[in-house]
Amino acid sequence: MIMRRMNLPRLPERWEEIDFTISAAGSGFTKISVSGKKGFLDGLSKERHPNRDELLHLLGHKRATTGEFQGDRVSIYKSGDFLKIEVEYPNTVCLGLGDKTGGVNRRGRFHFWNMDDANHGIFSDPLYQSHPIAYFISEGVGVVIVDSPAYQYWDISEYGAKIVVKDLDASVYVAEFFSLAEAYGNVAQFLGTFTLPPLWAIGYQQSRWSYWDEGKFRELSRRFQEEGIPCDVFYMDIDYMDGYRCFTVDRNRFPNLKALASEIDQKLVAIIDPGLKVDKSYRLYEEGMRQNFFMRDISGKVYTDRVWPGACHFPDFLDQGVREWWGDQYSSLLDMGIEGYWNDMNEPSTFSLRRTFPKNLVHIDGRRHGDVHNIYGLMMARGTYEGLRKLRPNDRPFVLTRSSYLGGQNFAWMWTGDNKSTWEFLKLSVRQMQSISISGQPLCGADVGGFSGNPDSELMVRWMQLGVFYPLFRNHTAYGTENQEPWEFPKVLQELRDAIRLRYKLLPYIYTQFFLSSLGLGPIIRPMTWIDKGVDERCMNRQFMFGEQMLVAPVLETTDNMEVILPNGIWHDFFTGEQFQGKITVEVDLSTIPLFVKSGSSIPLAKEVRQNAESTFATGIEIRNYGEDPKGLLYRDNGKDLTYRQGNFELYRLPQMECIWND
Ligand code: MIG
């Protein structure tokens, strides 16, 4: 049923075992290949912090040991144009696979075929992104990555995985490590990490489909100020454009964006979709046609499908020339003061019954779309990222993408698309954030409050209190839903305000975690297995580590008390400092945010909370210590440009504020 609906291929039944070649691939990985051809990851330019090795040494981290690989764990079979990879990794827990639904511990069958399943439920598969990577945890940790942008099918059990790929050129990467932290460090090195985001991207973000005109943004900005709620970002959804033509602005409703951008405390982020309107008087359509930049069908005709603007053609983002052209288009929006960009609909999603491109469309280099489908969205995000780097060579880009693939973090943040305003989706996001993060993409979030539907006050509060700990903290809602800004929930406005202000209070700690994550030291959100192998599965699906030193146990249902299971050692309530250990019961009211700090931690906080991240940071640092012999770190830089890559930042050891890096 699902197979038919999503147009996924039928898998062969008879297989023939075949030989493969192995070679060292770096970061401890062994590459297994049948055809010997280069794969997507071979050609990827990977982001790495330039001072990584020096910093790891300074922070007392041993250089990652090299992974091991036992060749007899892998067998490869062939049938027609399918490969089957059988990997034997007996495991108690399997992590990864990106934005899939299900439990954090991966069991069962999964499909990789990027898809906008706009009305998806909490069991749907596939969704928007493909991260074919898994960690098999037993005594050690075995990592398997299958690099192929074609269709993939994974069946995971306690014995390992059976993987079918519709691609004889797929590369398989395998390595075994001692611990999850070591495995992740090598994965981060292997897939690339991320350019540090601008500080403002870490603040609270307000969105809806759509804020209608400049006046609305002025009103929002004023209201956030009046309510004493900090906010860093406003989103411009599709209606800001002139007839949904990409890179245009409706001048009647947005006559002077530049003035708006300079007046408000917030940054503007605008949406850009892939489809370009078929319209002879539209410059981009005309340029794309003239330069042969669009996807074509097998007969050579430019492919047309309907999206928001009506009939559209679609740039072939796999082509570097197309990406450069696309990247250059951001220039006029940047000049208008729009600093961040949101790439949507790039699975790609279309309004046809199939909902995406036919598999037999032809790319500029001759490849069939079906063979490369899962990288289309990432390549669009890459064009955006590289364009921004070129146009504003000193600035840190902010790009948010809905579709992506392994390594997407090198170019963009991601979010989990069209969720629903239900408790089930609230819970799902806890699992998704962990899985996406461990797959190498720490820059993730889910729409706070839910996209479709209307949350009641209680659900909104719980979602906001969880969103405080999403790396991407964005409240967003669909067209036609009720307003979802904090003051729309007057009964719980104080709780919503407190949650958002907590995010800002925590900013110095959070920003430091982003820095550590950019070194590959761990994602920002981590499954509890990271520090406690014996963790119970139900607990892993509900609680998570937030950086090195914190544990979050969000309230995920209506209750006045809840059970929290703390990992080994002593933990403190973040707010009161009270000590706890093991399994505890927490009394809960609407204002409760169960947040715990590992004993022996020194946590940097903002002295005061102001209207946005920059002004909050500027108030200075307050240090809070928990337990005996507290230790911690504080990272600081200008939050804006790329000079940190030349060492222009400060690093302090807490609690003494001993400066260990200052350039
Ligand atoms: O067909 O731009 O997931 O966040 O508000 C829907 C309108 C298109 C889907 C995105 C959503 C966005 C919406 N988009």
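Let's start with helix 13: ten of its 13 residues are buried, so the helix is largely enclosed by the rest of the structure. Here buried means under 20% relative accessible area, using a 1.4 Å probe and protein chains only, while helices are DSSP runs of H or I with at least four residues, numbered from the N terminus. The model is predicted, so to speak of local features requires pLDDT of at least 70, side-chain atom pairs count only at pLDDT 80 or more, and totals for chains, interfaces and linings use all residues. Residues are numbered from 1 along each chain as its sequence is written, and side-chain values use heavy atoms, without hydrogens and water.

Helix 13 covers residues 493-505, and its end C-alpha atoms lie 18 Å apart, which agrees with the 18 Å expected at 1.5 Å a residue; that expected span is 1.5 Å times one less than the number of residues. Its buried residues include Leu496, Ile500 and Leu502, but also Glu495, Arg497, Arg503 and Lys505.

Helix 3 (residues 180-191) tells its own story: ten of its twelve residues are buried, so this helix too is largely enclosed. Among them are Leu180, Tyr184, Asn186 and Phe190. Just after helix 3, Gly192 takes a positive phi of about 90°.

Now to the core. The largest nonpolar core has 192 residues, and Tyr135, Trp326, Phe469 and Leu506 are among those with the most contacts inside it. Such a core is a set of buried Ala, Val, Leu, Ile, Met, Phe, Trp, Tyr and Cys residues joined through side-chain atoms within 4.5 Å. Apart from it lies another core, of 25 residues, including Ile85 and Phe136.

Key: Helices (H or I, at least four residues) and strands (E, at least two) are DSSP runs, numbered from the N terminus. Buried means under 20% relative accessible area, exposed over 50%, partly exposed in between (1.4 Å probe, protein chains only).
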